[in-house]
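Subject: Structure for your attention

Dear colleague,

I am passing on a structure that I have been going through, and my notes on it follow below. Please read them with the structure open beside you.

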Amino acid sequence: MSRRLQGIGMTSRRTRERMISRLRQQGITNGNVLAVMADTPRHIFVDEALESRAYEDTALPIGHNQTISQPYIVAKMTELLLEFGPRKNVLEIGTGCGYQTAILANLVGQLYSVERIAPLMKKARDTLWELGIKTVGFKHSDGGWGWPEHAPFDGILAAAAPPEVPPALLEQLAVGGVLVIPVGLEGMQELHRITRTEHGFEDEVIERVTFVPFLSGVNR
């Protein structure tokens, strides 16, 4: 592993281990999620000027009015997605810088990721290639449309908050599948886990959260 990936000082493995200890204290118990986050260098997903803050429990800007979610939220959403068993075919809405993508790619069967901002998607893909992750399918598209060609999905995770759950995402969820998504207007967002059953949908409200808004359209 290169020196850049290993990190030094505030980006070192020891700093990542402190992040993992904090996540345990915050209630994250899934050992696989914690192990993957311990092995994934979060600092390479942010600008060099912010690398020393990469393992703080805070969201950080990544350009284009977007953020990298705080480690706790990444861990919590991933844990919620996987709580009832492994997921073979997963859709991510909002690639962003690719950090959540990298975590998921190591924990699910096949991952497809949709991003509406082209430069972010390209940069994320390049970073994942640097980590040796080459199995993720990427699409530059409006996340509200999902990715019907690869549906149904047994897991969907969205990294932006719509006022209401996009119908296309519910339609593309397999029976037994789980959708983890923040929902609500700014200042009033809640994290939901929606499970599709043979009779409809079960919606659990997990906790209050703060995410960037779920925007429609694409940005080249």
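In what follows, helix axes are lines fitted to C-alpha atoms over the stretch in contact, and the angles between N-to-C directions run from 0 to 180 degrees. Helices (H or I, at least four residues) and strands (E, at least two) are DSSP runs, numbered from the N terminus. The model is predicted, so that local features need pLDDT of at least 70 and side-chain atom pairs count only at pLDDT 80 or more, while totals for chains, interfaces and linings use all residues. Residues are numbered from 1 along each chain as its sequence is written, and side-chain values use heavy atoms, with hydrogens and water left out.

The chain as a whole holds seven helices and nine strands. Its radius of gyration, taken over C-alpha atoms, is 16 Å, in agreement with the value near 17 Å for a compact globule of 220 residues (the rule being 2.2 Å times the number of residues to the power 0.38). Of the 220 residues, 55% are buried, that is, under 20% relative accessible area with a 1.4 Å probe and protein chains only.

Helix α2 (residues 13–25) takes part in two packings described here. With helix α3 (residues 31–39), the axes come within 9 Å and cross at roughly 155 degrees, and the two helices are therefore roughly antiparallel (angles over 145 degrees). The crossing is right-handed, meaning that the near helix is turned clockwise from the far one by less than a right angle. On the α2 side the contact (heavy atoms within 4.5 Å) involves residues including Arg-13, Met-19 and Leu-23, and on the α3 side residues including Leu-34 and Met-37. The residues of this contact divide into six nonpolar, no polar and five charged, where Ala, Val, Leu, Ile, Met, Phe, Trp, Tyr, Cys and Pro count as nonpolar, Asp, Glu, Lys and Arg as charged, and the others, Gly among them, as polar.

With helix α4 (residues 71–82), the axes come within 10 Å and cross at roughly 60 degrees, which makes α2 oblique to α4 (oblique being 35 to 65 or 115 to 145 degrees). Here Met-19, Arg-22 and Leu-23 of α2 meet Pro-71, Tyr-72 and Ala-75 of α4, a contact of five nonpolar, no polar and one charged residue.

Finally, Thr-101 lies in helix α5 (residues 99–105) and counts as buried because its relative accessibility is 0%.

With best wishes

Terms used:
Buried < 20%, exposed > 50% of the residue type's maximum accessible area, 1.4 Å probe, protein only.
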